[in-house]
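Biologist: Could you take me on a close look at the main nonpolar core of this protein, and then show me what lies around and beyond it? I'd enjoy one connected walk through it.

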Amino acid sequence: MVKFSKELEAQLIPEWKDAFVNYWQLKKHVKNIKLARKPRDVPHISYDYGASIFDLARILMNKVSRWMKNQDEDPQIIQVKSKISVGEDGEEEDVEVYETELVQLFSQEDEVKMFFEMLDDELNKVNQFYKTREREFLERGEILNKQLQILLDLKRVLVEWRRKNMASNHMTSKRFSRSNSSDLNSDFSESHSEFRVSPTDSQTDDVIETLEKNGINFVNSATRAKSKNGKPKMRMRIDIPATTPTRTIAAVTSMLWEDLVNNPKKGGEYINRKKIQCAEKMIRGAFVELYKGLGLLKKYSSLNMVAFTKILKKFDKVSNQQASASYLKVVKRAYFISSDKVVRLMDEVETLFTQHFTNSDRKKAMKFLKPQQNTESHMVTFFVGLFTGCFVTLFSVYAILAHVSGMFSPVYMETVYPIFSMFALLSLHLFMYGCNIFMWKNTRINHNFIFEFQPSTALKYRDAFLICTCLMTAVVGAMIIHLILLSTGLYPHRVDMIPGILLLFFVILLVCPFNTFYRSTRFCFLRVTRNIVCSPFYKVLMVDFFMADQLTSQITLLRHMESAACYFLAGSIKTHQYETCKSGKLYRELAYVISFAPYYWRAMQCARRWFDESNSDHLANLGKYVSAMVAAGARLTYAREPSNLWMAIVLVTSIVATIYQLYWDFVKDWGIFDPKSKNLWLRDDLILKKKGVYYASIALNLVLRIAWVENVMHFNIGAFKSHLLDFFLASLEVIRRGHWNYYRLENEHLNNVGKFRAVKTVPLPFRETDSDG
């Protein structure tokens, strides 16, 4: 049977961990009471052989009657009082505070008193936290109701104007009624009866007046002028986030136009179906997050109730008293248990969501509100072990065959090495990511919430291990076939197509639209990659810049992609002259572009975040990536034109970039090196229990950051060993990045927990009039 402490640790909401009852500390207090309990004096029984057997029976009957009386009357061993707290200004606050007094004397009075004081503090903490979060969710619910009502009213106005536009074209009422019904059901996902009501002019005017009070401005609302397409000319304030290039360009253009004419009233936006759909999607997402938060708060209440019950039962067992009944009555009357506002609001959200967003389809609505999480399958573990064994076996066979056949020639290495190295580095990165997921899960770092992944489709660590082992098994198998065909001389002009076919196969698998082999993960990867490449036109999310940071550690992989593309597309595969690519001017220039690209994308993301958030730290972070670009360019130039001048430039630029990166790693990304921290040169909050792990991680990150020194030393070790050394150093950088990933997300999680954010804040489209300033 699993202990409750383990069960509580597994079920509590990570972001609210500090707000839960401190069950473990209370358990320690109970243990101290047990240790401090004084052995009771055993009364000396004098056996009076002259006593009657009836005297013994009478004594037993008295004890039984007293025990039954105690069970019935439930004597008051403790007394729990409640009062309304008083604020600093002397006014009463709406906060109920509980205090416990000992009515009966305990043999361990000091320890028992300390226990109940701590129990009162925990009860007050839980009660206050629940009330605060409940108030926030209720306010959020009221705002969402207003937003939904504005959306519905806006749709009604559009329906009326569309009806009038159709009437002006001399269409029959039956036809445009039927057209209205079909168009609206497809456009706005409303119920059928919602749109069959055609408001009168007075009703439309009332709706417009209401909308204007809620911050929506209508241009020429009296005349209701129309554009050339017959759409109503209405200007309104709808905050649609600039998350796509089109919206970003439109927002920047609008801002520049307002600055030029110095009049924000001019220009403006016109209502269109696309904008309304965006607003509806935002409101729908906000309802989903509200429902999720209410469910978490309900779970918070039930888990704390069980924790109080368990700890009080332990106290009764240790103290040989029945104090739990009196205290549990108070706990059950506490606000976090007695309040039913959360349950009622959850029912209301379910009803509204079903009615307005899923055409009264409750089953479909609950798929949005309560998505089912995929359980981890033991079959995945089996296949991970299977493919791992296959990979080890095939790799051993490949190494033996390559050595025996003596195929490590320059031509073979230039043909095979880029492909193999590319897949190997990718698989290593996936393996490190699987290790990251495993560690995040064990230390209860909510990476799915931080990355805004759907729990039902998010990649688990077993899945990451399965992908990398399956990938490498296929790659090594293809390399063995290529090696055998090459050594036997079969199809000499076509055998070199095998690495290219393998690469093409995985590219097709990546973009395959069918629901096979982790489609949601593949499409998420493609979407994030698109956001990175198109920086700064897409709004930067946590997963976007986290992925872009991964790319800065995979420049070697990108360079190998360039080599493979040149070999297969530039005709070198037919002539087997691999020097053709490396000696080309375009190839050398592209090397600079590829080496700069990850740092450039990351710098553009920093610029976009500074534009959105006006935080100067993002500009400082941008400078870090600019310094890395300069250092990378200097090293590339020195590799082609070795001279003392370029060596000095490489040393200066690389040292500056490394110091910049180390400072950002430790201070900004990991949040350590705080001189005022209670943990020497770390931070106050640490998830890992052993501090030595953090100091070892600092040293490891420092060593791996200065691996660029090898590029300056130019060891003369031959082409084959040089390739192996480059691969080894690239692998170390991937390992460093995987090591960095854990502490980066640990710091993000702790900052998130400090603000008690367990639910994503979704921006809302309609602004209040007073918020314009």
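Modeller: Gladly; what follows starts with the whole chain, goes into the core, and then moves outward to other parts.

Please keep in mind that this is a predicted model. The protein has 29 helices and two strands. Of its 773 residues, 43% are buried. Among contacts with a separation of 6 or more, 75% are between residues 24 or more positions apart. The accessible surface comes to about 43,000 Å², and carbon and sulfur atoms hold 60% of that area.

Now to the part you asked about. The largest nonpolar core has 75 residues, and the ones with the most contacts inside it are Trp16, Phe115, Phe116, Leu119, Phe287, Tyr300 and Tyr327. Two or more residues come from each of α1 (4-11), α2 (23-36), β1 (78-86), α4 (109-168), α9, α10, α12 (341-357) and α13 (362-369). The greatest share is that of α9, which gives 20 residues. For a view from inside, try Phe116: leaving aside residues up to four places away in sequence, Phe116 touches Ile78, Thr100, Leu102, Phe315, Ala323 and Tyr327. Apart from this core there is another one, of 40 residues, with Trp440, Leu459, Val540 and Met542 among them.

Two of the helices that feed the largest core deserve a closer look. Helix α9 covers residues 273-319 and holds Ser301. With a relative accessibility of 10%, Ser301 falls under the 20% limit and therefore counts as buried. Its contacts, not counting residues up to four places away in sequence, are Tyr130, Phe336 and Ile337. Helix α10 spans residues 324-333 and includes Ala325. At 30% relative accessibility, Ala325 lies between the 20% and 50% limits, so Ala325 is partly exposed. Its C-alpha atom is 8.6 Å from that of Leu312, a residue 13 positions away along the chain.

From the core we can step out to the surface. Met379, Phe382, Phe383 and Leu386 make a nonpolar surface patch of about 380 Å². One of these, Phe383, sits in helix α14 (residues 378-405), and its relative accessible area of 31% makes this residue partly exposed.

Further along the chain, some backbone geometry is worth your attention. Most residues other than glycine have a negative phi, and most peptide bonds are trans. Glu452 has a positive phi, near 60°, and is not a glycine. Glu452 belongs to the loop between α16 (447-451) and α17 (461-488), and is partly exposed at 40% relative accessible area. Phe517 also has a positive phi, of about 50°, without being a glycine. The loop between α18 (497-511) and α19 is where Phe517 is found, and its relative accessible area of 35% makes Phe517 partly exposed. As for peptide bonds, the one from Ser535 to Pro536 is cis, with omega near 5°. Pro536 lies in the loop between α19 (519-533) and α20 (542-552).

Helix α18 also allows a simple check of its length. Its 15 residues, at 1.5 Å a residue, should span 21 Å, and the end C-alpha atoms are indeed 21 Å apart, so the two values agree. Buried residues in α18 include Ile498, Pro499, Gly500, Leu502 and Phe506.

Let me finish with charged pairs, as the model contains 19 salt bridges. Glu9 pairs with Lys17, with 3.5 Å between the closest N and O atoms. Glu9 is partly exposed at 26% relative accessible area, and Lys17 is partly exposed at 39%. Arg559 and Glu562 form a salt bridge too, at 3.4 Å from N to O. Both lie in helix α21 (residues 555-569), three residues apart, or about one turn of the helix. Arg559 is partly exposed at 22% relative accessibility, whereas Glu562 is buried at 8%. Lys668 and Asp617 meet with their closest N and O atoms 3.8 Å apart. This pair links distant parts of the chain, as Lys668 is in helix α26 (residues 644-669) and Asp617 in helix α25 (residues 616-640), 51 residues apart. Lys668 is partly exposed, with a relative accessible area of 32%, and Asp617 is partly exposed with 35%. Lastly, Asp665, Arg705, Glu733 and Arg736 are joined into one network by salt bridges that share partners.

Conventions:
Residues numbered from 1 in each chain as written. Predicted model: local features only at pLDDT ≥ 70, side-chain atom pairs only at ≥ 80, totals over all residues. Heavy atoms only, no water. Helix = DSSP H or I, 4+ residues; strand = E, 2+ residues; numbered from the N terminus. Buried < 20%, exposed > 50% of the residue type's maximum accessible area, 1.4 Å probe, protein only. Patch = residues over 30% accessible without salt bridge, like charges linked within 9 Å, V, L, I, M, F, W, Y side chains within 5 Å. Areas by Shrake-Rupley, 256 points an atom, 1.4 Å probe, with all protein chains shown as cover. Salt bridge = Lys/Arg side-chain N within 4 Å of Asp/Glu carboxyl O. Contact = heavy atoms within 4.5 Å. Expected span 1.5 Å × (residues − 1). Core = buried A, V, L, I, M, F, W, Y, C linked by side-chain atoms within 4.5 Å.
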